[in-house]
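Please open the model in your viewer and keep the sequence panel beside it, so that each selection below can be followed in both.

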Amino acid sequence: MFDFLSSSKQVIGRLKSYYEAAAEVNAEFTAIIDALPDENGFDAYLENFKERDDIEITMRACTDFTYRSQDKLVWQDAYNKFLSDGDAEDEVEISIHIDKKYDENNALSIYCFDEFMKYYIGLPVDELLRFFVSAFSNHSYLRFEVLDKVVGLYTHSIGFCQEDECWPQLDITRQEYLKKCENASLFLNRIELPLTPYDFELLGDIEDKDQKTVLLLNKLETMFSYLYLANSSYIVNGKMVLQFSPEQGGFDYEINTIVDNRHICQLFKWAFEGDNTVERAGITRNVICLNCKKADQISAIGEDIWSSIKSNYVLYQRKTTEQYIEMKNQISTFIIDSSKQLQEMIHDLIDGLKNNFIAVIMFLITIILTDSVDWDDFLKTGSLSQDLMFVTKIFITASVAYLLVTFVAMIVKWWFFRMSYNQLKSNYKEILDKRDMENTFEQDKVIKEAKTKIITAAVVIGIVWIGFLIVIYCFVNHAGQVKAVVPKLPIP
């Protein structure tokens, strides 16, 4: 641990001014030549600074001495000369400038925690937000390594840690938190202010922690909880504007006067944790709209609103459960009905094939019984009469038309079958998300299996049907080939 201010007072001299922010430290001291440390003492003092930071120390008396860590030059001779050139009682003006750098673990030094927080607590909120946005634009989390004291304050993405402390342990990234908030809210400044309540939600026990820092982080968490719980919100000209319903007007608040409200943070955490974020956020907004008609009522949301929201959610769950049971029953009914409809469609195809087969047999029997074929002439010439060929072609055409009508009827029934299935799915889009819908309907297993069976049956029956027609067509148009396989009968 390195208490920069105390060490500097002991080693260098009296403090005149001190400023520390995230990017830099500027400190001014005064001393006399005789009070300054020797070469070894000054070297031991320099060893306390972090190697990642650039240090510049300037001493001014009758002559000047400057130490720069980034120069990597030998400074001992110049420092000893500075001490020897001055009188023991000469006053020395000493300025220390530290240019802070992040290391590979996103660690940034804090040399004096109290002064660091004093600076940021005193900033207007809009400037403070710009600092966090700038810092998070290059880093997925901010690790402030406090050198002068043990702080131990942590949020999901900001930590005031000690050196080599194990933090953070990220289960969810900032981008995932941002995406979750954006999906359920309309915060219009989300592009220029990509921050969420998770960035400022303090974790663990905070009772014995620095209360000024706790209060600052709690106020920022409260502000962003309001911004994301609202149906639509934005920040403009130092004001936060919230609208919880399209029918309700907006309420505006000075962002510099926002006070910590643990209840609104609790509501945000409840609404945005786990699944059903959209539903929970919607219920929260509805309850707030019904109970809070004025700006001061919204800023003073308390336990009564939280109790009302929990009651409404229980009713919503009960209704959702009833809808879910109804949905499962409807799906089961649909599966049973679909099986019957599928059998009917395949049965219609088989009936069409059977009717066509009977028609072919009856046609052939009719030809034989009515002596439409002159077998003597057929055996001599190997051809059929033109009348018989004409009648046969009419029969084939009619059979093809019947085949098409059968298939069209099947397609129409399939279309109605598919439409009823899609209608059933659309009835539950409001209570199921995409993933739950796929799991409940088993990735459309019912409709896919039905489609496979129908196509298979249609192809098989169509091939057999067309085969019958080809046989008849060949008999009529290629009778000479048929003659070759017909045995010669004795002519009386």
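Helices and strands are here DSSP runs, a helix having at least four residues (H or I) and a strand at least two (E), and both are numbered from the N terminus. With the whole of this predicted model in view, colour by secondary structure: the protein holds 16 helices and 12 strands. Switch next to a surface display, where the accessible area comes to about 27,100 Å², with 54% of that area belonging to carbon and sulfur atoms. Of the 492 residues, 43% count as buried, and among contacts between residues at least 6 apart in sequence, 68% join residues at least 24 apart.

Now return to the cartoon and select residues 232-236, which are strand 10, together with residues 251-254, which are strand 12; then add strand 11, residues 239-243. These 3 strands make up an open sheet in the order 10-11-12, with antiparallel pairing. Because strand 10 and strand 12 stand at the edges and each has a single partner strand, one side of each is left without a neighbour in the sheet. From one strand to the next, the twist averages 20 degrees.

Zoom in on the pair formed by strand 10 and strand 11, which run antiparallel to each other and are joined over 5 bridges. Which residue of strand 11 is the bridge partner of Ile-235? Selecting Met-240 shows that partner.

Finally, select residues 211-229, which form helix 7: this helix packs on the sheet and touches both strand 10 and strand 11. If you view helix 7 along with strand 11, their directions make an angle of about 35 degrees.

Note on methods:
Residues are numbered from 1 along each chain as its sequence is written. This is a predicted model: local features need pLDDT of at least 70, side-chain atom pairs count only at pLDDT 80 or more; totals for chains, interfaces and linings use all residues. Side-chain values use heavy atoms; hydrogens and water are left out. Two strands pair if DSSP finds at least two bridges between them. Axes are lines fitted to C-alpha atoms, for helices over the stretch in contact, and angles run from 0 to 180 degrees between N-to-C directions. Contact means heavy atoms within 4.5 Å. Buried means under 20% relative accessible area, exposed over 50%, partly exposed in between (1.4 Å probe, protein chains only). Accessible areas come from the Shrake-Rupley method with a 1.4 Å probe; for residues, only the protein chains shown count as cover.
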